[in-house]
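Open the model in your viewer and keep the sequence panel beside it. This tour tells you what to select, stop by stop.

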Amino acid sequence: MTVGGETPHAMTANSFTSVSLDPPLVLVCVGHDAVMHACMEGAEHFGISVLAAHQHGLARHFADRGRPLGAAQFESVDWSPGRATGAPMIGGALAALECEVWRRYEGGDHSIFVGRLLSLERHPHDAALVFHAGRMLTLDNARSLPRPT
């Protein structure tokens with residue numbers, strides 16, 4: 001998840017969720033203690049880059065609370081400004097979503113940010129990076145579950 005502006009910021013979110021097709025909405029939850037939470041307080045837009053399996057290092061980089069903040073955290077990262085919002089979009093990602101903040105809700109120690117989709121680019125050239133049971137996996141390693149009887 002990324003925000004642009006004078007002080008761009010990124011964080012690794014463990015998930016985001018589709019909410020609605022009409023209008024097209026997605027949500028992401030951000031902890032109150034996260035730097036991203038303060039960034040989102042005044043944000044009008046945000047970006048979501050769905051990382052590919054080979055990008056697990058980027059997921060770890062943006063999850064590291066000790067990394068440099070602001071533009072410095074993007075210095076070693078392949079990224080470009082989103083066409084619709086200017087939010088940093090990660091190069092090589094499977095998908096890039098640019099959103100306008102549509103609603104904000106409180107949810108315990110997190111805030112729920114609902115975004116209206118402004119643009120979507122897909123690059124399905126690799127397996128997706130998945131976070132499950134405390135570790136990073138790829139979808140190509142997942143097994144199909146048996147169909148219910």
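Start with cysteine 99. Cysteine 99 is buried, at a relative accessible area of 0%. Buried means under 20%, exposed means over 50%, and partly exposed lies in between, using a 1.4 Å probe and protein chains only.

Two notes before moving on. This is a predicted model, in which local features need pLDDT of at least 70, side-chain atom pairs count only at pLDDT 80 or more, and totals for chains, interfaces and linings use all residues. Residues are numbered from 1 along each chain as its sequence is written, and side-chain values use heavy atoms, with hydrogens and water left out.

**Stop 1: the cysteines**

Keep cysteine 99 selected and add cysteine 29. Why is cysteine 99 not bonded to cysteine 29? Their sulfurs are 14 Å apart, which is too far for a bond, and cysteine 29 holds the closest cysteine sulfur to that of cysteine 99. A disulfide is a covalent bond between the sulfur atoms of two cysteines. The cut-off used here is a pair of cysteine sulfur atoms within 2.5 Å. Searching the whole structure gives 0 disulfides. Cysteine 29 is in no disulfide, and its nearest cysteine sulfur is that of cysteine 99. Cysteine 29 is partly exposed, with 37% relative accessible area.

**Stop 2: the whole fold**

Zoom out and colour by secondary structure. The protein has 2 helices and 11 strands. These are DSSP runs numbered from the N terminus: helices are H or I with at least four residues, strands are E with at least two. In sequence order the pattern reads β-β-β-β-α-β-α-β-β-β-β-β-β. The radius of gyration is 15 Å, close to the 15 Å from the globule rule for 149 residues, so the protein is as compact as a globular protein of that length. That radius is taken over C-alpha atoms, and the rule is 2.2 Å times the number of residues to the power 0.38. The C-alpha trace spans about 50 × 35 × 30 Å along its principal axes.

Now switch on the surface. About 9,000 Å² is exposed, and carbon and sulfur atoms supply 53% of it. Areas come from the Shrake-Rupley method with a 1.4 Å probe. Of the 149 residues, 37% are buried.

Next, contacts, meaning heavy atoms within 4.5 Å. Among contacts with a separation of 6 or more, 63% join residues 24 or more positions apart.

**Stop 3: valine 114**

Select valine 114, in strand 9 (residues 110-122). Valine 114 is buried, at 5% relative accessible area. What does it touch beyond four places in sequence? Its contacts are Leu25, Val26, Leu27, Glu100, Val101, Trp102, Arg103 and Tyr105. Add leucine 25: it is 89 residues from valine 114 along the chain, yet their C-alpha atoms are 6.6 Å apart.

**Stop 4: methionine 11**

Go to the loop between strand 2 (9-10) and strand 3, where methionine 11 sits. Is methionine 11 buried or exposed? It counts as buried, at 14% relative accessibility. Leaving out residues up to four places away in sequence, methionine 11 touches Met1, Cys29, Val30, Met36, Phe62 and Arg67. Cys29 in that list is the cysteine 29 that is in no disulfide. Phenylalanine 62 is 51 residues away along the chain, with a C-alpha separation of 4.9 Å from methionine 11.

**Stop 5: the end of strand 3**

Select leucine 21 in strand 3 (residues 17-21). Leucine 21 counts as exposed, at 78% relative accessibility. Methionine 89 is 68 residues from leucine 21 in sequence and 22 Å from it in space, C-alpha to C-alpha.

Step on to proline 23, in the loop between strand 3 and strand 4 (24-31). Check the peptide bond joining aspartate 22 and proline 23: it is cis, with omega about 0 degrees.

**Stop 6: phenylalanine 131**

Finish in strand 10 (residues 129-132) with phenylalanine 131. Phenylalanine 131 counts as partly exposed, at 44% relative accessibility. Beyond four places in sequence, phenylalanine 131 touches Asn14 and Met136. Alanine 59 is 72 residues from phenylalanine 131 along the chain, and their C-alpha atoms are 9.8 Å apart.
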